[in-house]
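Here are some short exercises to work through with the model open on your screen. Try each one yourself before you read the solution.

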Amino acid sequence: MQPLRNVTTSLYDKYGVQVITAVVNDCYNRILSDAELSKYFEGVDMNVLRKHQTLFLSHLLGSKRTYNGANLKAAHTNLNVSGGHFELFVHHLDESCKYFNLDIEDRAMFISYIRTLKYFIVNQ
Ligand code: HEM
């Protein structure tokens, strides 16, 4: 196991945009098949959302492109996402990372970072 300070290559560079796109698509497939979560996405243009989420996560993982989509808090403020639903969403994201064979250290780092975004998303 490498200490965090020794990470010299971003996860974006390590895995590439194809893997990140595949993780995002797989994750939304899981979310839309989950009766607890799918209701949040009724009427949402999923093609746009998949694209924005790919850009956003690529940005978090170290892509040089800036993310120009909606501010995270603004995008979620009217959705009333509960803490439990946030965790379920993160669980699906983690399962998709596992499915596409991200190394366990990378998954741990990525998923804990995603959990720090809870305060922008959960509104209850
Ligand atoms: C876990 C971390 C999450 C991240 C990083 C995240 C990120 C994003 C991003 C980047 C967008 C696109 C904003 C735009 O259109 O420019 C978005 C939109 C959206 N998110 Fe999340 N999200 C998260 C969790 C959730 C959860 C838990 C739910 C619901 C259970 C949710 C539901 C939605 C919906 C419905 C939209 C579309 C809003 C609209 O088009 O009006 N998100 N999210």
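**Exercise 1: the core**

In the largest nonpolar core, 13 residues strong, the members that touch the most others are Tyr-15, Ile-20, Val-23, Val-24, Cys-27, Leu-93 and Cys-97. Keep in mind that this is a predicted model. Your task: work out which helices each supply at least two residues of this core, and which one gives the most.

Solution. Start with the suppliers: helix H1 (11-32) and H5 each put in at least two residues. Next, rank them: H1 comes out on top, giving seven residues. Now zoom in on Val-23. Once you skip its neighbours within four places in sequence, Val-23 is in contact with Ser-96, Cys-97 and Phe-100. As background, nonpolar side chains tend to be buried together in soluble globular proteins.

**Exercise 2: the overall fold**

Find out how many helices and strands the chain has, and compare its radius of gyration with the globule rule.

Solution. Count first: there are seven helices and zero strands. Read from the N terminus, that gives α-α-α-α-α-α-α. The radius of gyration is 14 Å, close to the 14 Å the globule rule gives for 124 residues, so the chain is as compact as a globular protein of that length. For the outline, the C-alpha trace spans about 40 × 25 × 25 Å along its principal axes. Then check burial: buried residues make up 15% of the 124 residues. Finish with the contacts: among those with a separation of 6 or more, 75% join residues 24 or more positions apart.

**Exercise 3: around the ligand**

List the residues that come nearest to the ligand, then sort the shell by class and by helix.

Solution. The shell holds 22 residues, and Phe-56, Gly-69, Ala-70, Ala-75 and Phe-89 come nearest. Sorting by class gives 17 nonpolar, five polar and no charged residues. Sorting by helix, you'll find that helix H3 (46-60), helix H4 (72-76) and helix H5 (83-99) each contribute at least two.

**Exercise 4: two residues of H3**

Are Phe-56 and Leu-60 buried, partly exposed or exposed?

Solution. Take Phe-56, which sits in helix H3. Being buried needs 20 or more other C-beta atoms within 10 Å. Phe-56 has 19 C-beta neighbours inside 10 Å, so it counts as partly exposed. Beyond its neighbours within four places in sequence, Phe-56 is in contact with Tyr-67 and Gly-69. For a distance check, its C-alpha atom is 14 Å from that of Ala-74, 18 residues apart along the chain.

Leu-60 also belongs to helix H3. With 17 C-beta neighbours inside 10 Å, Leu-60 counts as partly exposed. Its C-alpha atom and that of Ile-114 are 9.1 Å apart, with their positions 54 residues apart along the chain.

**Exercise 5: positive phi**

Which loops hold Asn-80 and Asn-101, and what are their phi values?

Solution. Recall the background: most residues other than glycine have a negative phi. Asn-80 goes against that, with a phi near 55 degrees. Asn-80 is in the loop between H4 and H5, and it is exposed because it has 11 other C-beta atoms within 10 Å. Asn-101 has a positive phi of about 60 degrees. The loop between H5 and helix H6 (104-115) is where you'll find Asn-101. With 10 C-beta neighbours inside 10 Å, Asn-101 counts as exposed.

Key: Residues numbered from 1 in each chain as written. Predicted model: local features only at pLDDT ≥ 70, side-chain atom pairs only at ≥ 80, totals over all residues. Near = placed C-beta within 6 Å. Helix = DSSP H or I, 4+ residues; strand = E, 2+ residues; numbered from the N terminus. Nonpolar A, V, L, I, M, F, W, Y, C, P; charged D, E, K, R; others polar. Rg over C-alpha atoms; globule rule 2.2 N^0.38 Å. Buried ≥ 20, exposed ≤ 12 C-beta atoms within 10 Å, placed from the backbone. Contact = placed C-beta atoms within 7 Å. Core = buried A, V, L, I, M, F, W, Y, C linked by C-beta atoms within 7 Å.
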